[in-house]
Amino acid sequence: MSLASHAVSEIKGAHEYFTRSSQLLTEEHANLTPAPGMMTTVQQIAHAAHTIDWFLEGAFRPEGFDLDFDKHTAAINAVSSMAAARAWFDRAFAAAIARIEPLSDADLLTLMAEGPIMGGEPRIGMIGAITDHTAHHRGALTVYTRLAGLVPPMPYMDM
């Protein structure tokens with residue numbers, strides 16, 4: 001199995017687990033937050049989507065990762081509906097698959113630009129970063145689901 005095939009399989013799993021885990025959160029839960037100052041449900045999903053795009057861009061840009069976090073936060077905060085956040089999330093995963101699927105092992109073993117984020121690591125490392133980061137926010141959203149009085153589904157069932 002090529003590195004790209006394995007990476008695409010990992011990405012598809014992360015997308016499925018996140019979607020299943022958060023499926024009970026609807027527009028009525030868009031602004032749910034555990035405490036003042038924390039991300040809303042929409043912001044959690046938009047942030048997860050944005051970060052997939054950010055990892056892909058950073059892994060392949062000659063200058064590495066864009067560290068303008070104010071700009072990134074503004075893009076996330078501009079999303080105001082669950083539908084928009086979920087659409088971005090789905091687009092981000094589709095774009096990741098489209099970008100990675102045709103790559104050779106050599107492409108994925110090419111080192112990323114030096115810098116404070118994954119500097120000098122092979123590009124394939126961003127796959128683990130995407131799946132770990134997505135899992136982190138999937139876990140947060142299960143807490144949001146429980147705060148909404150719902151029982152989150154098991155992410156690994158029905159696959």
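In which helix does A83 lie? A83 lies in helix α4. Its relative accessible area is 52%, and the cut-off for exposed is over 50%, so A83 counts as exposed. Across the fold, the C-alpha atom of A83 is 8.9 Å from that of V42. Along the chain, these two residues are 41 positions apart. Keep that pair in mind while walking through the rest of this predicted model.

Start with the overall plan. The protein has six helices and zero strands. From the N terminus, the order is α-α-α-α-α-α. The radius of gyration is 16 Å, close to the 15 Å that the globule rule gives for 159 residues, so the protein is as compact as a globular protein of that length. Along the principal axes, the C-alpha atoms fill a box of roughly 50 × 40 × 20 Å.

Next, look at how the chain packs. Take the contacts in the protein with a separation of 6 or more. Of these, 73% join residues 24 or more positions apart. Buried residues account for 43% of the 159 residues. The protein exposes about 8000 Å². Carbon and sulfur atoms supply 58% of that area. Charge is part of the picture too. There are 10 positive and 18 negative charges. The mean positions of the two sets are 4 Å apart.

Now go inside. In soluble globular proteins, nonpolar side chains tend to be buried together. Here the largest nonpolar core has 41 residues. Those with the most contacts inside this core are I52, F55, F89, I100 and M126. Helices α1, α2, α4 and α6 each supply at least two residues of the core. Helix α2 gives the most, with eleven residues. In sequence, α1 spans 3–22 and α2 spans 41–60. Helix α4 covers 82–100, and α6 covers 125–147.

F89 is a good place to pause. Leave aside its neighbours within four places in sequence. F89 is then in contact with H15, F18, T19, I45, A48, A49, I52 and T134. One of these partners, I52, is itself among the core residues with the most contacts.

Stay with α2 and find H50, which has its place in that helix. Is H50 buried or exposed? At a relative accessible area of 12%, H50 is under the 20% cut-off, so H50 is buried. Beyond its neighbours within four places in sequence, H50 is in contact with H72, I76 and W88. The C-alpha atoms of H50 and A85 are 9.6 Å apart. In sequence, 35 residues separate H50 and A85.

Move to α1, which holds S22 and E16. S22 is buried, with a relative accessible area of 1%. Not counting residues up to four places away in sequence, S22 touches R86 and L141. E16 is partly exposed, at 31% relative accessibility. E16 also pairs up with a distant part of the sequence. Its C-alpha atom is 8.6 Å from that of Y156, although E16 and Y156 are 140 residues apart in sequence.

Where is H29 found? H29 sits in the loop between α1 and α2. This loop residue is buried, with a relative accessible area of 9%. Setting aside its neighbours within four places in sequence, H29 is in contact with L24, T41, A148 and L150.

A second loop, between α5 (105–109) and α6, holds M118. M118 is buried as well, at a relative accessible area of 15%. Its backbone deserves a look. Phi of M118 is near 55 degrees, a positive value in a residue other than glycine.

Finish in the segment after α6, where G149 lies. Is G149 buried or exposed? G149 has a relative accessible area of 63%, and the cut-off for exposed is over 50%, so G149 is exposed. G149 and D66 are 83 residues apart along the chain. Their C-alpha atoms are separated by 38 Å. Set that beside the opening pair, where A83 and V42 have C-alpha atoms separated by 8.9 Å.

Key:
Residues numbered from 1 in each chain as written. Predicted model: local features only at pLDDT ≥ 70, side-chain atom pairs only at ≥ 80, totals over all residues. Heavy atoms only, no water. Helix = DSSP H or I, 4+ residues; strand = E, 2+ residues; numbered from the N terminus. Rg over C-alpha atoms; globule rule 2.2 N^0.38 Å. Buried < 20%, exposed > 50% of the residue type's maximum accessible area, 1.4 Å probe, protein only. Contact = heavy atoms within 4.5 Å. Areas by Shrake-Rupley, 256 points an atom, 1.4 Å probe, with all protein chains shown as cover. Lys, Arg positive; Asp, Glu negative; His and termini not counted. Charge placed at Lys NZ, Arg CZ, Asp CG, Glu CD. Core = buried A, V, L, I, M, F, W, Y, C linked by side-chain atoms within 4.5 Å.
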